[in-house]
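Student: Could you take a close look at one helix in this model for me, and at how it packs against its neighbours?

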Amino acid sequence: MLGAAATLFKQQGFHSTRLVDVAREAGLDRATIYYYAGSKEELLQDIVGGVLDTAIAAAEELRANDALTGMQRLHQIFVILMTSYEENYPATFVYIQEQMHQVGVQETEWAQLIMKRTRLFDRMLIDFIKEGIEDGDLRSDIPPRLHENALFGMLNWTHRWFVPGGSLTGRQVAETFWSIYTGGALTDAGRAKALPSPPVLSAVTG
């Protein structure tokens, strides 16, 4: 039932999907689905809550591992997230597509809890980035938030085009994005041809 709901929420959007649509997709009658779920909001809560809890648990495990550097933690959580997108498709994409834009304006207890958990996860990502900067592995002239937006923005945009079973696995997508982020998209030859860059982020860092 949750799988059917996630599929429809992604395809049609949460607001355009009716509970009866979920019942039809799951092969259930109206009475049966109302026995298990009183509303489509309950289904969204179960989908989003599970996705977020899994991501936070992975980040907490990485944070507790003293053998890892900030960059290693950042790399691993990045790959973990993309492989999770693939393994739990389309549930994670529902979180990106619906929760981030809709839950923030709600005042229910559940919405406030989700936003609190989202902010916790965000702080852990920023902490990993700050570690990378402090260790000298990441550029200090780029604000941590912009590092995060650049890296995880690539990942979050995959909800528009990634479907499991295609030419690239989730891990391959993650590692490719990671290489672009850490090394740049240009080859050595392309970098040699590039024009000198203007001063970096003077308006942001000043």
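What follows is a walk around that one helix and its two contacts.

Tutor: Sure, and keep in mind that this is a predicted model. Let's take helix 5, which covers residues 70-87. Two packed helices are described by the angle between their axes and the distance between the axes, and that is how I'll go through them.

Start with helix 7, residues 109-134: helix 5 packs on it at an angle of about 140°, and the axes are 7 Å apart. That angle is why helix 5 counts as oblique to helix 7. The handedness of this crossing is left-handed. On the helix 5 side, the contact uses G70, M71, R73, L74, I77 and L81, and helix 7 answers with F121, L125, F128, I129, E131 and G132. Sorted by class, that contact has 8 nonpolar, 2 polar and 2 charged residues.

Now swing round to helix 9. Its axis and that of helix 5 come within 8 Å and cross at roughly 145°, and here the crossing is right-handed. Helix 5 brings M71, L74, H75, F78, V79, M82, T83 and E86 to this contact, while helix 9 supplies G170, R171, V173, A174, E175, F177, W178 and T182. The class split for this one is 9 nonpolar, 4 polar and 3 charged residues. Look at M71 and L74 on screen: they are listed in the contact with helix 7 and in the contact with helix 9 as well.

Helix 9 also takes you on to a pocket: along with helix 8, it gives two or more residues to the lining of the second largest pocket. That pocket holds about 380 Å³ of space.

Notes. Residues are numbered from 1 along each chain as its sequence is written. This is a predicted model: local features need pLDDT of at least 70, side-chain atom pairs count only at pLDDT 80 or more; totals for chains, interfaces and linings use all residues. Side-chain values use heavy atoms; hydrogens and water are left out. On a 1 Å grid over the protein atoms alone, a cavity is a set of points where a 1.4 Å probe fits but cannot get out, and a pocket is an open set with protein on both sides within 12 Å along at least five of seven lines; lining residues have an atom within 4 Å of a point. Grid points are joined across faces, edges and corners, and a volume is the space filled by probe spheres set on the points. Helices (H or I, at least four residues) and strands (E, at least two) are DSSP runs, numbered from the N terminus. Axes are lines fitted to C-alpha atoms, for helices over the stretch in contact, and angles run from 0 to 180 degrees between N-to-C directions. Angles under 35 degrees count as roughly parallel, over 145 as roughly antiparallel, 65 to 115 as roughly perpendicular and the rest as oblique. A crossing is left-handed if the near helix is turned anticlockwise from the far one by less than a right angle, and right-handed if clockwise. Contact means heavy atoms within 4.5 Å. Ala, Val, Leu, Ile, Met, Phe, Trp, Tyr, Cys and Pro count as nonpolar, Asp, Glu, Lys and Arg as charged, and the others, Gly among them, as polar.
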